[in-house]
Amino acid sequence: MSAHGMPGGLANYSIGQTVHGAALFIDVRKSSQIVDFVERHHGPGAATSLFMNFIVGVMSTIDGPAVYESGPSGDAVLALFVGETCASDAIDAALRAIEFLRTDFLKANRHHLTCLGNCGVRECPTPFAFRVGAGVDNGAVTSARVHVGKHASVQLVGACISFASKLSGAAPPNTIAVSTGTFHQFPALAKDYRWESREMVVGNNERMVMLVDPSG
């Protein structure tokens with residue numbers, strides 16, 4: 001086996017630095033149903049175009065000096081923020097992303113989400129709802145550069161990333177779910193946003209979660 005990675009030198013990795021920050025995970029609600037709807041009405045290429053527009057558009061809202069890393073994670077977007085205001089920076093980025101998806105994204109991609117009237121489904125929903133859930137948690141994250149053949153990618157590894165992903169899956173549509181640990185660790189958050197405390201199933205466990213009201 002090579003010093004790092006798989007046998008035969010097929011892949012290797014190098015461990016980067018460990019930083020503390022806030023992870024933001026933004027995931028599309030009912031993505032498989034959306035893909036099925038778009039492919040049936042407009043073809044496979046349209047579904048790819050729609051999700052690329054989502055990823056590129058959301059990533060364009062995630063900017064500023066606090067962004068340590070951001071990029072696609074499957075059909076979701078993952079970003080890591082560092083610094084004293086990392087949690088509020090992550091929440092602000094999520095709010096910008098949700099506002100973008102409600103306005104410019106929907107306007108530009110409504111045709112992908114619209115029934116042409118030839119699918120044979122009576123009362124086919126149009127436009128098909130395109131909503132996201134966002135999750136924020138903070139903690140230690142380590143970067144790793146993974147090399148497979150001629151390809152390389154950067155992976156971020158940390159419990160907060162995993163939990164932010166689970167929070168995004170539990171969050172109501174177009175809402176941001178923040179871990180109670182993050183909420184209490186950054187006291188300024190309490191006065192900067194409108195909050196709702198709710199007990200929810202996150203992953204396989206029932207937990208208390210803080211929800212940011214996007215309309216606030």
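Is serine 168 buried or exposed? In this predicted model, serine 168 counts as buried, because its relative accessibility is 0% and the cut-off for buried is under 20%. The residue sits in helix α4, which covers residues 159-170. Setting aside neighbours within four places in sequence, serine 168 touches Phe25, Asp27, Arg29, Gly133, Ala134 and Gly135.

One of those contacts, Ala134, leads straight to the strands. Alanine 134 stands opposite isoleucine 176 in β6. Strand β4 (residues 132-148) and strand β6 (residues 175-179) run parallel, with 4 bridges joining them. On top of that, β4 pairs with β5 (residues 151-157), this time antiparallel and through 7 bridges. Histidine 147 of the pair β4 and β5 is found opposite alanine 152 in β5. These two strands make a hairpin with 2 residues between them, and glycine 149 in the turn takes a positive phi of about 60°. As for side chains, in a regular strand they alternate between the two faces of the sheet.

Helix α1 is a handy one to check by arithmetic. It has 12 residues (31-42), and at 1.5 Å a residue these should span 16 Å; the end C-alpha atoms are 16 Å apart, so the expected and modelled spans agree. Buried residues in α1 are Ser31, Ile34, Phe37, Val38 and His41. Looking down the axis of α1, these buried residues fall within an arc of 125°, and therefore they line one face of the helix. Right after α1 comes glycine 43, with a positive phi near 95°.

Positive phi also turns up outside glycine. Lysine 30 has a phi of about 50° and lies in the loop between β1 (11-28) and α1. It counts as exposed, because its relative accessibility of 59% is over the 50% cut-off. Asparagine 174, another residue other than glycine, has a positive phi near 55°. It is found in the loop between α4 and β6. Here the surroundings read the other way: asparagine 174 has a relative accessible area of 11%, which means that it is buried.

Now for the charged pairs. The count of salt bridges comes to 4. One of them joins aspartate 63 to arginine 96, with the closest N and O atoms 3.7 Å apart. This pair links distant parts of the chain: aspartate 63 belongs to the loop between α2 (44-60) and β2 (67-73), arginine 96 belongs to helix α3 (residues 86-109), and the two are 33 residues apart. Aspartate 63 is partly exposed at 48% relative accessibility, and arginine 96 is partly exposed at 35%.

Another salt bridge brings together aspartate 192 and lysine 191, where the closest N and O atoms are 3.4 Å apart. The two partners fall into separate accessibility classes: aspartate 192 is partly exposed, with a relative accessible area of 41%, whereas lysine 191 is exposed, at 67%. Glutamate 196 and arginine 198 also meet through their side chains in a salt bridge, at 2.9 Å from N to O. Glutamate 196 is partly exposed at 36% relative accessibility, and arginine 198 is partly exposed at 32%.

Note on methods: Residues are numbered from 1 along each chain as its sequence is written. This is a predicted model: local features need pLDDT of at least 70, side-chain atom pairs count only at pLDDT 80 or more; totals for chains, interfaces and linings use all residues. Side-chain values use heavy atoms; hydrogens and water are left out. Two strands pair if DSSP finds at least two bridges between them. Buried means under 20% relative accessible area, exposed over 50%, partly exposed in between (1.4 Å probe, protein chains only). Contact means heavy atoms within 4.5 Å. The expected span of a helix is 1.5 Å times one less than its number of residues. The arc is that of the directions from the helix axis to the C-beta atoms.
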